[in-house]
Amino acid sequence: MKKTLSLTRRKMLQLTGTVGAGALLAACAPKVEETVAPVDPTVAPTVVPTEAAATAVPTEAASAPVSLTVYNPTGSFRVTQTFVPRLDTLDGKTIAFVSNDSWEADRTFPLIQQLLQERYPTATIITSDNFSHGTDRITVANSGLGEQLLEAGAQAAIVGNAG
Amino acid sequence: MAGIPTMVLTRQGFTQVVSNAFAGFGFPSDGPVVYEFPMEMFVKGSDLTPLQDNIDKVIAGLTEWTPKITEKGVYDPDMVTVEGEDYRSAQENLNLLFLRNQWRDGFPVLPPTEDQVKRILTGTNLDPSTEISPEGGVVPRGGIATVNSLAVILAMVGGRPEHLPVLIAIVKAITDPRMLMQSWNATTCSVIPAVIINGPIAKQIRLGSGYGMLGPDPLHPAGQILGRAIRLIQQDLGGALPGNGTMAIYGGMRSTNAVFAEDEEGTPEGWTTIAEERGYSRDQNIVTVTEINSMQNCIWDFGTEQTNNECLMKIASQMGATNRNRWSHPDMWKADNPNLCSGLFLCPRGLAQSLVSENNYSKGDVKKFLWDNSFMPWEEVVATGQTEVVLELGLPEGEAAPVTPTPEQVKIMVAGGDQSGHGYWMAAVVQGDMVSTEIELPPNWDDMMKQAEADWGPLPTSH
């Protein structure tokens, strides 16, 4: 039967005086080669198995700190469109509403429209019934929604409700 | 959109879904969501005070919000370094980090180090930067599936070089635009990709088509390895996190999906395999993928003409069960669409061979039998609220509704343990086409097989 060294982690921490294991994440750290500290058999304590022996307590711990450098599994992504700059103010602007007709958009949109009009009396509001609306009609590629908004002179758009 | 600053009124917990939607169109993956309104606000008759109190957030979305990324291009994530007092500790810390970052599935992962990924890359002669996913990446998030990123995922799940060419073919298939991954990867249906492998490679990589073929099997581990890899690709590259990128209410069998081989040896003389039906020859290594959302095991006695018909009736009764998913996408529901798949009948070899010897059934006869006996009665269509769905397909009102437009479109494959006392019906979600693609092997494939045999021992004799 092969001699084995069996050590609980708790016991090893006690022996080395380590308070607790810690993790250091360095997302931009220089590449560190992966190292694995093998147990040095020349210093490993001898364990004499007995019938009753289930675990053995070594007189010396044999390990070294390890750094693992690994790939981020989320992979690359390609940005082909960037978000346009925001407006400096909504004063005098034309604000369009685009609705998926879901999740109480028929109630939230009128309230937003009212609040915006009160805050920006010179803003022009174009309600959602002036454009394609409903989930099936606004999520299909090439739905023409962008063209509809441009034709209406929209300078900002509020889309909802996402849920 | 259209060069117009836009903000999205979003409920609590839905920001990532919105971001994924924008990413799918090539925008950076932080969408214009400034604030999440409480979920209660979005139900019927709700109190809209939160909206009134936070109108400034709506305004900020149009006037103040700034994205983190402002330039077009390809963005690569940095390598990640984790430390520990010894190897075990470092490995544990890595697993904790991957869980916190939602890069793991709950099972432990192995470290995807450069060395390990390099080893797995020997499974193909494609350049690691080769993009497998089409423009737009793995939807909805849009992460790019390169050969390297697939090798990273395989390293995490304990894959080997010989799994890589198969995974490349699988990802080609599941990201094929005809499969409509943007639907089934995000849908509320609990959909999984079912992957069928045909050709000599199935045995070579130790993929099962017999006992326990859909579950864990130490003699045929490829199904679990590849299935888990697919899941992590959907999650890590595609952003399919429960309740966030994927809205599947239950999400069953997603840990390992369903990756299995057709029992080609057990397929009776005169019957074609799934790959042959789709125009390939038996010596070609083919991946075929479809979307499945539920499964039913049927127990039976077989061996005589009568009991064999009874077996088929059991499967037909499952095929005809209330399941509007087979009618999900009217564009797919066409008599001349060979890629329409309403489900898979897994027929064990014993029954298949008996259907030929006792009933004199060709595969086409079995398809016709199943089709004829799986119509949904009109009363059931009405009682289950599916009238509108059925009529939208162009089916006649008042008449029983079939499982596919024609019997030829019923999909049957031989698979299952030798005892053959059970069959399996895997019901599909018709949100996209069934897609097949060929597996390309590297020039050093034979050497890889020799190494696999040295590492794992001889190939198992059971199928």
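Helices here are DSSP runs of H or I with at least four residues, numbered from the N terminus. By that reckoning, B:Thr49 belongs to helix α2 of chain B, which covers residues 49–53. The model is predicted, and this briefing considers chain B as a whole, two of its helices, and the residues B:Thr49 and B:Ser342.

**Chain B overall**

- Chain B contains 17 helices and 11 strands. Its radius of gyration is 24 Å, close to the 23 Å that the globule rule gives for 463 residues, so chain B is as compact as a globular protein of that length.
- The C-alpha trace of chain B spans about 75 × 65 × 35 Å along its principal axes.
- Of the 463 residues in chain B, 59% count as buried.
- Among the contacts in chain B that link residues at least 6 apart in sequence, 79% join residues at least 24 apart.

**Surface and charge of chain B**

- The exposed area of chain B is about 18300 Å², of which carbon and sulfur atoms supply 51%.
- Chain B carries 31 positive and 56 negative charges, and the mean positions of these two sets are 2 Å apart.

**Helices α1 and α13 of chain B**

- In helix α1 (residues 15–23), the buried residues are B:Val17, B:Val18, B:Ser19, B:Asn20, B:Phe22 and B:Ala23. They pack against β5 (156–162) of chain A and against β1 (6–11) of chain B.
- Helix α13 (residues 349–357) has B:Arg349, B:Gly350, B:Leu351, B:Ala352, B:Ser354 and B:Leu355 buried. The packing partners of the buried residues of α13 are α12, β8, α14 (363–372) and β9 (411–414), in chain B.

**B:Thr49**

- B:Thr49 has a relative accessible area of 34% and is therefore partly exposed, a class that lies between the cut-offs of 20% for buried and 50% for exposed.
- The side chain of B:Thr49 forms a polar contact of 2.5 Å with the side chain of B:Asp47.
- B:Thr49 and B:Gly31 are separated by 18 residues in sequence and, from C-alpha to C-alpha, by 25 Å in space.

**B:Ser342**

- B:Ser342 is situated in the loop between α12 (305–319) and β8 (343–347) of chain B.
- B:Ser342 counts as buried because its relative accessibility is 4%, where the cut-off is under 20%.
- A polar atom of the B:Ser342 side chain lies 2.8 Å from the backbone oxygen of B:Val403.
- Beyond its neighbours within four places in sequence, B:Ser342 is in contact with B:Arg326, B:Trp333, B:Val403, B:Thr404, B:Trp425, B:Ala427, B:Ala428 and B:Val430.

Key
Residues numbered from 1 in each chain as written. Chains lettered and ligands numbered in written order. Predicted model: local features only at pLDDT ≥ 70, side-chain atom pairs only at ≥ 80, totals over all residues. Heavy atoms only, no water. Helix = DSSP H or I, 4+ residues; strand = E, 2+ residues; numbered from the N terminus. Buried < 20%, exposed > 50% of the residue type's maximum accessible area, 1.4 Å probe, protein only. Polar contact = N/O pair within 3.5 Å; in protein donor to acceptor, adjacent residues only side chain to side chain. Contact = heavy atoms within 4.5 Å. Rg over C-alpha atoms; globule rule 2.2 N^0.38 Å. Areas by Shrake-Rupley, 256 points an atom, 1.4 Å probe, with all protein chains shown as cover. Lys, Arg positive; Asp, Glu negative; His and termini not counted. Charge placed at Lys NZ, Arg CZ, Asp CG, Glu CD.
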